[in-house]
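Hi,

Here is the structure I said I would pass on. Have a look at it first, and my notes follow underneath.

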Amino acid sequence: MKHMTEEELIAYREGVAAQRAVIVRHLATCQECRAELERIEAVLAALDTLPVPNPGDDYGRHVWQQIAPRLPERPARWWQAWFEPKRLGALASVAALLVIAFLTGRITKQGPTGNDVANKDQTRERILVVAVGEHLGRSEMMLVELSNAEPTDPTQKRVNISAEQRRAEDLLDENRLYRQTALQEGDTALASVLDELERVLLDVAHSPEEVTPAQLEKIRQKIEAQGILFKVRVVGRELQERQKATTPGPAQQSPTKSERNKA
Amino acid sequence: MTLVHDAAPTPERLAHNIELRKQMEIALAALSHSERTAFVMRHWEGCAIEEIAEVLKSSSGAAKNTVFRAVQKLRLALQPFVGRGTQVRVMGTES
């Protein structure tokens, strides 16, 4: 009698055998193959006692690509973002900005201290304005480059967007922190634009490294449909004006948060 | 007098289990990246071969082969520690 191959038995055990009925019939009559299947079972059953190992980096990305379109668009809880190891880099850069701003304030502001509280608030806002302004500038640049991306070799059908992806990942971390800070500062208009930007960055960061022209067009359409580039430009310009207005110098009135929120 | 069944594992059994666990971790670590991905997805996650093929960027046939190679390697490494019938038969032969 011809016995089943190991491959056939493993395929049967894993439920992917092509000729399942044939194997079932053979096992019913062949003691030796049944014993061999039991030995395979014993190894796999032993492996079941292990905790599920990490299947690899590609797996997480693939699962994200599968579930992302089905997820409701709801931002994550703000405090979760602060405790993820990935965010620590962005957290460190924000902390560094705060330290620099603090030291700059100490060095440059030796004058009268009558309105310290108001000045502190102004400094905090200035830091946010400068940092978010730069962040929006970098985001705009990345989105423009992505919109204009083309295959490096015209004979190639796929476009490599891995560089834009890496930048989107970095921007995503910063974006979350700035959005939370804007919310805490009561700047809901800015927080709302950052929220929209976050979704676009999330899409880019979790796209495949190489996309077909059709997939790239889909990403472009998404960016255009949300008008995110326009919004980023408008808010970026507004922040630049705010930066000029909040920089110590001749008194000048600037659009306040509440005015912006109203708008 | 009543006999009470002692369900606690013997020290030998415990030592064997620890050794088996160590060997399983070594065997899993020894798999190639794609073999480990395929095996974990199929065996632990219950993913379809097509899903594995998509992650591995390969055909379904190749993904199936990768699962098979992973099980074969794990079996070769772990069979001596799993107990009964430690000899792996040369399969597909006639008797």
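Let me start with the contacts inside chain A. Taking those between residues at least 6 apart in sequence, 75% join residues at least 24 apart. In chain B, 44% of the contacts with a separation of 6 or more come from residues 24 or more positions apart. Bear in mind throughout that this is a predicted model.

On secondary structure, chain A has 12 helices and 2 strands. Along the sequence they come in the order α-α-α-α-α-α-α-β-α-α-β-α-α-α. Chain B has 4 helices and 0 strands, which gives the pattern α-α-α-α.

Burial and surface next. Chain A has 263 residues, and 35% of them count as buried. For chain B, with 95 residues, the buried share is 35%. The exposed area of chain A is about 15,600 Å², with 56% of it supplied by carbon and sulfur atoms. Chain B exposes about 5,700 Å², and there carbon and sulfur atoms supply 57%.

Now the part I'd look at on screen, which is the helix packing around H4(B). Helix H3 of chain A (residues 31-48) packs against helix H4 of chain B (residues 60-82) at an angle of about 90°, with 9 Å between their axes. An angle of 65 to 115 degrees counts as roughly perpendicular, so that is how H3(A) and H4(B) sit relative to each other. On the H3(A) side, the residues in contact are Glu36(A), Arg39(A), Ile40(A), Ala42(A), Val43(A), Leu44(A), Ala46(A) and Leu47(A). They meet Val71(B), Leu74(B), Arg75(B), Leu78(B), Gln79(B) and Val82(B) from H4(B). Sorted by class, this contact has 10 nonpolar, 1 polar and 3 charged residues.

H4(B) also packs against a helix of its own chain, H2(B) (residues 33-44). Here the angle is about 95° and the axes are 8 Å apart, so H2(B) and H4(B) are roughly perpendicular as well. H2(B) contributes Ser34(B), Glu35(B), Ala38(B), Phe39(B) and Arg42(B) to the contact. From H4(B) come Thr66(B), Val67(B), Arg69(B), Ala70(B), Val71(B), Lys73(B) and Leu74(B). By class that makes 6 nonpolar, 2 polar and 4 charged residues. If you compare the two lists, Val71(B) and Leu74(B) turn up in the contact with H3(A) and again in the one with H2(B).

Phe39(B) is worth a second look for its ring. Over all chains there is 1 aromatic pair. The partners are Phe39(B) and Trp44(B): their ring centres are 5.6 Å apart and the planes stand at 90°, so the pair is edge-to-face. Both Phe39(B) and Trp44(B) are buried.

One more residue, back in chain A: where does Gln243(A) sit? Its place is in helix H11 (residues 228-246). With a relative accessible area of 32%, Gln243(A) is partly exposed, because that value falls between the 20% limit for buried and the 50% limit for exposed. Leaving aside residues up to four places away in sequence, Gln243(A) touches Val129(A) and Val130(A). Gly133(A) is 110 residues away from Gln243(A) in sequence, yet their C-alpha atoms are 8.7 Å apart in space.

That's what I have so far.

Cheers

Definitions and conventions: Residues numbered from 1 in each chain as written. Chains lettered and ligands numbered in written order. Predicted model: local features only at pLDDT ≥ 70, side-chain atom pairs only at ≥ 80, totals over all residues. Heavy atoms only, no water. Buried < 20%, exposed > 50% of the residue type's maximum accessible area, 1.4 Å probe, protein only. Contact = heavy atoms within 4.5 Å. Areas by Shrake-Rupley, 256 points an atom, 1.4 Å probe, with all protein chains shown as cover. Phe/Tyr/Trp six-rings, centres within 6.5 Å; stacked < 30°, edge-to-face > 60°. Axes fitted to C-alpha atoms, helices over the stretch in contact; angles between N-to-C directions. Parallel < 35°, antiparallel > 145°, perpendicular 65-115°, else oblique. Nonpolar A, V, L, I, M, F, W, Y, C, P; charged D, E, K, R; others polar.
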